[in-house]
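This report introduces a structure to a reader who has not met it before. Please keep the sequence and the model in view while reading.

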Amino acid sequence: MTAPLLDNQNAPLVAMIDLSKADEHVKEYVNTALETKMANLVKTKLEDVFKSLKIEEDVKLYVDEVRQNVTLNITDDIKRIIEEVIERKQMKPAFFATLKATQNLGRKDVLKFSNVVTNIGSGYDVNTGIFRAPKTGVYEFSANFISNGDMWLEINLMKNGHFIARGHCAKTHGVAGTLQVILELQKGDTIYLQHPRDSGSVYGADYSMFSGHML
């Protein structure tokens, strides 16, 4: 395209404008502006998500990460960050249960603690006495049991049907036995207390108890 221009002597000048280059500049400008708008929208929406979830101060670092590292794969970034935040904010599995009534046991009977005080993650089954890990991780378990009568009392802690550790009480009424272990579990692994002898009795009244939690 030509455009008539005048120099300082009123002489006509001819200026050639390359519209193809102009088009490239316009496209670049529009694309940059659009990307900026989209990035700002994503940041705003992400902050709204955090607010709606009532996420606390410690996760604001995630928002900063998005602000500083907006990429073309924004959707995946948001999904990953939100999943990480939700995972962090979820309470870790834990349970605590006591024995109300005295329990008489035979060989391979599972000790069932009837009074469940805490059961975050619903891992402990009061009907079976078995804890099933809701998620993979390192767990700590402990048990305290009191002998009833003059029988020798022995209790084994089992993982997926395999022996891990044992505790015992002497052949005297009211003697305490304890167990404590730290185990790495996969989601779905089972933990329970089993009686290995032909006969035994555990005193209740909330003196005997079983607990576990994810570290």
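With which residue does glutamate 154 form a salt bridge, the closest N and O atoms being 2.7 Å apart? The partner is arginine 166. The model discussed here is a predicted one, and its salt bridges offer a convenient starting point.

**Salt bridges**

The structure holds 4 salt bridges. In the pair just named, glutamate 154 belongs to strand E10 and arginine 166 to strand E11, so the contact ties together parts that are 12 residues apart in sequence. Glutamate 154 also meets arginine 197 through a salt bridge, with an N to O distance of 2.9 Å. Arginine 197 is placed in the loop between E13 and E14, so this second pair links parts 43 residues apart in sequence. Because they share partners, the salt bridges join Glu154, Arg166 and Arg197 into one network.

The members of this network differ in their exposure. Glutamate 154 is buried, because its relative accessible area of 11% is under 20%. Arginine 166 has a relative accessible area of 51% and is exposed, whereas arginine 197, at 34%, counts as partly exposed.

Another salt bridge connects aspartate 206 with lysine 100, where the closest N and O atoms are 2.9 Å apart. Aspartate 206 is in the loop between strand E14 (199-203) and E15, while lysine 100 is in the loop between E3 and strand E4 (103-106), so the pair ties together parts that are 106 residues apart in sequence. Aspartate 206 is partly exposed at 30% relative accessibility, and lysine 100 is likewise partly exposed, at 45%.

The following table lists these pairs.

| Acidic residue | Basic residue | N to O distance |
|---|---|---|
| Glutamate 154 | Arginine 166 | 2.7 Å |
| Glutamate 154 | Arginine 197 | 2.9 Å |
| Aspartate 206 | Lysine 100 | 2.9 Å |

**The nonpolar core**

In soluble globular proteins, nonpolar side chains tend to be buried together. Here the largest nonpolar core has 27 residues, and Phe131, Phe141, Leu193 and Phe210 have the most contacts inside it. Two or more residues of this core come from each of several strands, namely E3 (94-98), E9 (137-147), E10 (153-159), E11 (162-169), E12 (176-185), E13 (190-195) and E15. Leaving aside residues up to four places away in sequence, phenylalanine 210 touches, among others, Phe95, Phe96, Phe113, Tyr124, Phe141, Ile191 and Leu193.

**A surface patch and a loop**

Nonpolar residues also appear on the surface, where Val138, Ile182 and Leu215 form a patch with about 260 Å² of accessible area together. Leucine 215 is found in the segment after strand E15 (209-214). With a relative accessible area of 45%, leucine 215 is partly exposed.

Glycine 174 lies in the loop between E11 and E12. This glycine 174 is partly exposed, with a relative accessible area of 44%. When residues up to four places away in sequence are not counted, glycine 174 touches Ile146 and Ser147. The C-alpha atoms of glycine 174 and valine 202 are separated by 9.2 Å, although the two residues are 28 residues apart along the chain.

Methods: Residues numbered from 1 in each chain as written. Predicted model: local features only at pLDDT ≥ 70, side-chain atom pairs only at ≥ 80, totals over all residues. Heavy atoms only, no water. Patch = residues over 30% accessible without salt bridge, like charges linked within 9 Å, V, L, I, M, F, W, Y side chains within 5 Å. Areas by Shrake-Rupley, 256 points an atom, 1.4 Å probe, with all protein chains shown as cover. Salt bridge = Lys/Arg side-chain N within 4 Å of Asp/Glu carboxyl O. Helix = DSSP H or I, 4+ residues; strand = E, 2+ residues; numbered from the N terminus. Buried < 20%, exposed > 50% of the residue type's maximum accessible area, 1.4 Å probe, protein only. Core = buried A, V, L, I, M, F, W, Y, C linked by side-chain atoms within 4.5 Å. Contact = heavy atoms within 4.5 Å.
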